[in-house]
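Let's take a walk through this one together, starting with the overall picture and then moving inside. Keep the 3D view open and turn it as we go.

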Amino acid sequence: MDSSQQQPLLPDDFIQLCQLVTAKRPKAVIDHILEYGFVTTEELKQRYGYNHPPRAARDVQEHGIPLETFRVTGSDGRRIAAYRFGDISKTRFSRLSGRTGLSKQLKDELIDKYGCKCFIYLEKVDKRELQIDHRVPFEVDGEPELEAESFMLLCGSANRAKSWSCEHCENWKSIKDKSICLSCYWAYPESYTHVAIQQVRRIDLMWQGDNIEIYEKLKQQAVRLNKEIPEFIKEIIEREIRQSNDS
């Protein structure tokens, strides 16, 4: 499929912002659009290997670069989604926007305040593996002031889990109420009333280092009892609570 389209004249400061993005996935989307005018979901999957194109598009938007979605005809004749730059006037030039120095400053501030740990798993993580994430998604409340309280540090696994949950939440898709996010587990796991509007409670556990041996023993016992590990751990916790209450 020919993805060429006449590229509108882009301002120099916008192009410079695009060039500041170095992360592989958003950079691939941006570079393709700069060269061809737009990129299709088919191209993102087949050419770049991104099986979840909306996630790649969101990466671009999180760097302050607006995108808009439209429909084109795919190689099989079906209508598919494509992305091109949106309203350039809505570009966020003064926030994180791929600026490594600013991101480093914010990460250091978060680590100084909360420790070098993942906010979801509450485990210490190498600084290089921690990613800065908005407590309230940009899609719900826009870009906040660049203050530590508006952001959190997540390991890659927790960030992917949060992204999936948020993207499937009705508040993300249609409601757009910041207060809902502020009382959500994914914004404040230490104090929340719901998880993506669902009335559930959750604990995310991670075993690392010497503790991995404990996990393997839990796994072996669960297999012997023909139970899933989460179910088995719940039973252990419930039994411990009952015994504490009885004593």
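What follows goes from the overall build to one helix, then to the rings, the cysteines and the empty spaces.

Before anything else, keep in mind that this is a predicted model. The protein comes to 11 helices and 5 strands, and its C-alpha trace spans about 75 × 45 × 35 Å along the principal axes. Of the 247 residues in the protein, 41% are buried.

A good helix to pick out is α4, which is mostly covered, with 8 of its 10 residues buried. Have a look at which ones they are: P53, R55, A56, A57, R58, D59, V60 and E62. You'll notice that the list includes charged residues, among them R58 and E62, and we'll meet both of those again in the lining of a cavity. Just after α4 comes G64, where the backbone takes a positive phi of about 85 degrees.

Now for the aromatic rings. A pair of aromatic rings is described by the distance of the centres and the angle of the planes. With that in hand, how many aromatic pairs does the structure hold? There are 7 of them. Take F14 and F85: their ring centres are 4.9 Å apart and their planes sit at 85 degrees, so this pair is edge-to-face. The two rings come from distant parts of the chain, since F14 belongs to helix α1 (residues 12-20) and F85 to strand β3 (residues 79-85), 71 residues apart. Are F14 and F85 buried or exposed? Both are buried.

Y114 and F119 make another edge-to-face pair, at 5.0 Å centre to centre and with 65 degrees between the planes. Here the two partners differ in how much of them is covered: Y114 is partly exposed, at a relative accessible area of 28%, whereas F119 is buried, at 7%. Y114 also has an arginine for company, as R135 lies over its face at 5.9 Å from the ring centre. You can find a similar arrangement at F70, where R84 lies over the face of the ring, 3.9 Å from its centre. To round off the aromatics, find Y185, W186 and Y192, which form one aromatic cluster.

On to the cysteines. A disulfide is a covalent bond between the sulfur atoms of two cysteines. How many disulfides does a search of the whole structure find? The count is 0. C118 is a nice case to check for yourself: the closest cysteine sulfur is the one in C155, at 3.8 Å, which is too far for a bond. C118 is buried, with a relative accessible area of 0%. C18 is buried as well, with a relative accessible area of 3%.

That leaves the empty spaces. Rolling a probe the size of a water molecule over the atoms shows where empty space is left. Two cavities turn up here, counting those of 30 Å³ or more. The largest cavity holds about 110 Å³ of space. It is lined by 15 residues, and those closest to its centre are P137, C166, C169, C181 and C184. Helices α7 (156-167), α8 (170-175) and α9 (178-182) each supply at least two residues of this lining. By class, the residues around the largest cavity divide into 11 nonpolar, 3 polar and 1 charged.

The second largest cavity has about 30 Å³ of space. Which residues line the second largest cavity? They are R58, E62, D133, H134, P137, F138 and K162. So here are R58 and E62 from α4 again, since α4 (53-62) and β4 (131-134) each supply at least two residues of the lining. P137 is also on the list, and you've already seen P137 at the largest cavity. The class make-up of the second largest cavity is 2 nonpolar, 1 polar and 4 charged residues.

Finally, turn to an open space, the second largest pocket, with a volume of about 360 Å³. Its lining is made of R201, R202, I203, L205, W207, I229, P230, I233, K234 and I237. By class that gives 7 nonpolar, no polar and 3 charged residues.

Technical notes: Residues are numbered from 1 along each chain as its sequence is written. This is a predicted model: local features need pLDDT of at least 70, side-chain atom pairs count only at pLDDT 80 or more; totals for chains, interfaces and linings use all residues. Side-chain values use heavy atoms; hydrogens and water are left out. On a 1 Å grid over the protein atoms alone, a cavity is a set of points where a 1.4 Å probe fits but cannot get out, and a pocket is an open set with protein on both sides within 12 Å along at least five of seven lines; lining residues have an atom within 4 Å of a point. Grid points are joined across faces, edges and corners, and a volume is the space filled by probe spheres set on the points. Ala, Val, Leu, Ile, Met, Phe, Trp, Tyr, Cys and Pro count as nonpolar, Asp, Glu, Lys and Arg as charged, and the others, Gly among them, as polar. Rings of Phe, Tyr and Trp (its six-membered ring) pair if their centres lie within 6.5 Å; planes under 30 degrees apart count as stacked, over 60 as edge-to-face and the rest as tilted. Helices (H or I, at least four residues) and strands (E, at least two) are DSSP runs, numbered from the N terminus. Buried means under 20% relative accessible area, exposed over 50%, partly exposed in between (1.4 Å probe, protein chains only). A charge sits over a ring if NZ of Lys or CZ of Arg is within 6 Å of the ring centre and within 35 degrees of the ring normal. A disulfide is a pair of cysteine sulfur atoms within 2.5 Å.
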